[in-house]
Amino acid sequence: MSSAAAFLAGALLGGAAAALAARAVYNRKAELFGRLFSFAMHELNTPITAVNMTVLNLLSEVFGELPAPLKPWVEMTREQVGRLNGLVGEVRDFVHMELHQDLRVSRTELTAAEILDEALVSISRGMEQAGVEFRVEPEKDLPSVLADPDRAARCVSSVLFHARKFRTGGPIVLKVSRAPGGVAFAVSYQGPRLRPGEAEESLDLYYPARLRRDQVLGTTGLGLGLIRKVARLFGGDLEYRADEDGRAAVTLTYESAEAKA
C-alpha cells in the first residue's frame, strides 16, 4: 500500500471512529435526558392529580355550595388542569418516542361516543365561556374503533384546543362520521391565512421548535405532528387542510373494529 493510500485509509478509519464515539456520546446524553424528563413528568402528575381532585370536589359541592360568581372560574380551572394533564401526556409520549424509543400503545375496541364524551369534558364548557360557537355533529350508529384508550380522546381534545387557539371567527364544528375503514373526527374552523405548504409543514414532529422571524407561536401543545405520529402508532391518522382563505379542517381517523372482525 502506498503512503498516500495508507494515509487515506487511516483518515477514513479515524473519521469512522470519531463518528462512532460522537454517536455513543449522543446516545448516552439522550438516555440521560430521557430519564430526567420521565422523572419530571412523573413528579408533575402528583400535583396535577391533587388539583384536579380538589376542583372536581368543588364542582360537585362536596365541601358545600359553590358561590355562583366563583363557578365559572372553577370550571375554567378544571379545563386548564385537564389541558395540563394532556400536555404532560404529550411530552411523555415524545420522550418515549424520540429519546427512549420505547413508546408502547395499545389497540382496544372503543365506541366513538366514549371517545367523544371524554374529549369534550375538558373543553366544551371552556368554548362556551370563551364565547365560541361550538357544534358537535355525530352520526348515528357509528362502528366501534380500535384505538389506544389513554390517547384517543386526548388526541381529539388537542385538535379542539388547536382550533380554538387559531380560530379567527365563526363556529368550530366537530363532525364524527363514518370514513373509509374507520371513523373520522373532523374539526373545521375559520383560521388565519397560511402560505402555500405551511399546513403540511406544521405536521412535522419538530415544527414547534422551528425558528421563526416573528414571535407568534405556530402551534399549540406539542403540535399536530405529534398527534399524527401517536395516532399512526395505533392505526389512526391525522390530516390537516387549509384553503387560501384560511378555512381549515383537521381530521383524526381511527380504524374501525369492523375492519378487523
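**Exercise 1. Determine which residue follows helix α7 and the sign of its phi, and establish how far α7 is covered.**

Solution. Step 1: α7 is followed by Gly-235, whose phi is positive, near 95 degrees. Helices (H or I, at least four residues) and strands (E, at least two) are DSSP runs, numbered from the N terminus. The structure is a predicted model, in which local features need pLDDT of at least 70, side-chain atom pairs count only at pLDDT 80 or more, and totals for chains, interfaces and linings use all residues. Residues are numbered from 1 along each chain as its sequence is written, and side-chain values use heavy atoms, with hydrogens and water left out.

Step 2: Helix α7 spans residues 224-233, and seven of its 10 residues are buried. Here buried means under 20% relative accessible area, exposed over 50%, and partly exposed in between (1.4 Å probe, protein chains only).

Step 3: The buried residues of α7 are Leu-224, Gly-225, Leu-226, Ile-227, Arg-228, Val-230 and Ala-231. Their cover includes α2, α5, α6 (198-201), β6 (237-242) and β7 (247-256).

**Exercise 2. State where the confidence is lowest and where it is highest in the chain.**

Solution. Step 1: The chain averages a pLDDT (the predictor's confidence in each residue, from 0 to 100) of 84, and 84% of the residues score at least 70.

Step 2: Confidence is lowest in α1, at a mean of 68, and highest in strand β5 (residues 182-190), at 96.

**Exercise 3. Decide whether Ser-158 is buried or exposed, and list its contacts beyond its sequence neighbours.**

Solution. Step 1: Ser-158 belongs to helix α5. Because its relative accessible area is 3%, Ser-158 counts as buried.

Step 2: With neighbours within four places in sequence left aside, Ser-158 is in contact (heavy atoms within 4.5 Å) with Arg-83, Glu-90 and Ile-227.

**Exercise 4. Find how many cavities of 30 Å³ or more there are, and describe their linings.**

Solution. Step 1: Rolling a probe the size of a water molecule over the atoms shows where empty space is left. On a 1 Å grid over the protein atoms alone, a cavity is a set of points where a 1.4 Å probe fits but cannot get out, and a pocket is an open set with protein on both sides within 12 Å along at least five of seven lines; lining residues have an atom within 4 Å of a point. Grid points are joined across faces, edges and corners, and a volume is the space filled by probe spheres set on the points. The count by this rule is two cavities of 30 Å³ or more.

Step 2: The largest cavity, about 40 Å³ in volume, is lined by Glu-90, Arg-154, Cys-155, Ser-158, Leu-226, Ile-227 and Val-230. Two or more of these lining residues come from each of α5 and α7.

Step 3: The second largest cavity holds about 30 Å³. Its lining includes Arg-83, Glu-90, Ser-158, His-162 and Ile-227. The elements giving two or more residues to this lining are α2, α5 and α7.

**Exercise 5. Identify which helix gives the largest share of the lining of the largest pocket.**

Solution. Step 1: The largest pocket contains about 620 Å³ of space. Of its 27 lining residues, Gly-82, Asn-85, Gly-86, Glu-118 and Arg-154 lie nearest its centre.

Step 2: Helix α2 supplies the largest share of the lining, 10 residues.
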